[in-house]
Amino acid sequence: MLKHKSKAPSTINLDILLQSQKLTSLAWRTSTAMERIAHLKKIGSWIKDNQQAIREALKNDFGKPEAETDLSEIFPVTAEINHSIKNLKKWMKPNSVPTPLPMLGTSSKIYLEPKGTSLIISPWNYPFNLTIGPLISALSAGCTAIIKPSEMTPHTSDLVSTMISELFDPSEVAVVLGEVEISTELLKLPFDHIFFTGSPSVGKIVMKAAAANLTSVTLELGGKSPVILNEDADLTDAAEKIIWGKYVNCGQTCIAPDYILVHESQQEKLIMEMKVALQKMYDPDYKGIEKSPDMARIINDKHFKRLTQTIEDALSEGAALVFGGKYTPLTRYIDPTILTNVNNDMQVMQEEIFGPILPILSYSSLENAIAYVNSKPKPLALYYFGKNSEQTSKVLRETSSGNTVINDCVLHFLHLELPFGGVNNSGIGKAHGYHGFLAFSNEKGVLKQRVGINNVTLLRPPYGIKAKQIIASLIKWF
């Protein structure tokens, strides 16, 4: 395991660190695409050389399988790097915009300039991906960054700290380790942009702190992402996709399916297909899912207790256990657990689950399913399975979510041409690819006027009859 080289949090003067980055950000305001690409390439090279160390860090933090680390932690970052390198020159070019008739004689462009200094507060569930991904966007936009990784994943946070200290001067990019108190102190500082990934409750705290300095924010939050299965859905296909989307990272994924809405006539068949899918993916040798090398573990004892209490609460209130339900405190293992007969009074239906528990509700009509989704805060993702195009369009029109995936789950996170993010309670702002680049950029409109007589010469005081006629025409026709 690589040793952590950064200073202890108590020895870092955060004000001085931010001031040093402000100076760098002024210099980086005129940075070229090639200079920014050089930053991205050295991160990519470091990842390639230290891939096994990244795997070990994730395994030490919460038993993450190596293949899952490669797929969900390393690949999204390397893909983000390659995508940014390929497109950065195009992204940075000023965009000409059409000239409205009242503006005849002028020319206008949109310039994208770096916001400046940025703070990235990353979560524990994908501690490498969701730390370095936003950093790629910040560096692509020409911003400096102070990174506060999660204290819940010390091995990965140390690795990130080592990587950054080897690649960047602290005046460019720095990692600050520590508990919640460090985040609180960082949030008091006047950054130009804050990128936070975490829960809606903490997101509100971040937004309130940012307001004190009028700092812009990107909030990647979460919520209860629903799955709607229409009557015409292919249940075998849907079950396999739902099981993978739910149980990757042991359900500790912000866009994991949080609950299922299935037509009442299809519920029993869906449950059967989900059991088959679980067996196929996590217990093909019939040795028990707990022995599967492909199932991660719960991050810590606090979350393990929260999740097991959620199961016990649901069962005590009348929920039916149709799969799983077993757990092992010593290793923080929880069976993939499927529940039916759930209701809104149960904990499992009140807050984002963020674990391997999947409740199923039935509905009698698609209208009822849509109404149920709309009765809850807007989710980060919505998953719809069905073949009928009109009914698919109905769901898209009548629901609101950060993203929607049709006939699959969680796959949109890997699509770098799509904006990723929530809406209202599930997040503010978008990330990934060009949209991540925009998050750390200021879109500066620039208008160039001709010298001498121009389109507004006749509109200056004193306002005579002719000026008033022109103004009246503008109101009427434009």
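This is a short tour of a predicted model, with stops at two sheets, two helix pairs and one loop residue.

**Before you start**

Residue numbers run from 1 along each chain as its sequence is written. Because the model is predicted, local features need pLDDT of at least 70 and side-chain atom pairs count only at pLDDT 80 or more, while totals for chains, interfaces and linings use all residues, and side-chain values use heavy atoms, with hydrogens and water left out. Helices (H or I, at least four residues) and strands (E, at least two) are DSSP runs, numbered from the N terminus.

**Stop 1: the seven-stranded sheet**

Select strand 15, residues 381–385. Is this strand covered or open? Five of its five residues are buried, where buried means under 20% relative accessible area, exposed over 50% and partly exposed in between, with a 1.4 Å probe and protein chains only. Colour the two faces separately: Ala381, Tyr383 and Phe385 lie on one side, and Leu382 and Tyr384 lie on the other. Both faces are covered.

Now add the neighbours. Strands of a sheet pair through backbone hydrogen bonds, either parallel or antiparallel. Here, two strands count as paired if DSSP finds at least two bridges between them. Strand 8 (residues 226–229) runs parallel to strand 15 and is joined to it by three bridges; look for Leu229, whose bridge partner is Phe385. Strand 16 (residues 403–406) also pairs with strand 15 in the parallel sense, over four bridges. Two residue pairs to pick out there are Tyr383 with Val405 and Ala381 with Asn403.

Zoom out to see the whole sheet. It is open, has seven strands in the order 10-13-14-9-8-15-16, and its pairing is mixed. At the edges are strand 10 (320–323) and strand 16, each pairing on one side only. From one strand to the next the twist averages 25 degrees; angles run from 0 to 180 degrees between N-to-C directions, and axes are lines fitted to C-alpha atoms, for helices over the stretch in contact.

Before leaving, show helix 13 (residues 389–398), which packs on this sheet and touches strand 8, strand 15 and strand 16. Contact means heavy atoms within 4.5 Å. The direction of helix 13 makes about 165 degrees with that of strand 15.

**Stop 2: helix 6 and its two partners**

Two packed helices are described by the angle between their axes and the distance between the axes. Select helix 6 (residues 154–167) together with helix 2 (residues 33–49): their axes come within 11 Å and cross at roughly 130 degrees. That makes helix 2 oblique to helix 6; angles under 35 degrees count as roughly parallel, over 145 as roughly antiparallel, 65 to 115 as roughly perpendicular and the rest as oblique. Show the side chains of Lys42, Ile43 and Trp46 in helix 2, which meet Leu159, Met163, Glu166 and Leu167 in helix 6. This contact has five nonpolar, no polar and two charged residues. For these classes, Ala, Val, Leu, Ile, Met, Phe, Trp, Tyr, Cys and Pro count as nonpolar, Asp, Glu, Lys and Arg as charged, and the others, Gly among them, as polar.

Keep helix 6 and switch to helix 3 (residues 51–62). How do these two helices cross? Their axes come within 7 Å, at roughly 150 degrees, which makes helix 3 roughly antiparallel to helix 6. On the helix 3 side, pick Ala53, Ile54, Ala57, Leu58, Asn60 and Asp61; they meet Pro154, His155, Thr156 and Leu159 in helix 6. By class, there are six nonpolar, three polar and one charged residues in this contact.

**Stop 3: the three-stranded sheet**

Next, select strands 1, 2 and 18, an open antiparallel sheet in the order 1-2-18. Strand 1 and strand 18 are its edges, each pairing on one side only, and the twist averages 30 degrees from one strand to the next. Three bridges link strand 1 (residues 95–97) to strand 2 (residues 107–114), with Asn95 opposite Ile110. Eight bridges join strand 2 to strand 18 (residues 441–448). Label Tyr111 with its bridge partner Lys444, then Leu112 opposite Glu443.

**Stop 4: Gly429**

Finish in the loop between strand 17 (427–428) and helix 14 (433–439), where you will find Gly429. This residue is partly exposed, with a relative accessible area of 31%. Leaving aside neighbours within four places in sequence, Gly429 is in contact with Thr218, Glu220, Phe420, Gly421 and Gly422. For a last distance, draw a C-alpha to C-alpha line from Gly429 to Ser122: they are 307 residues apart in sequence and 16 Å apart in space.
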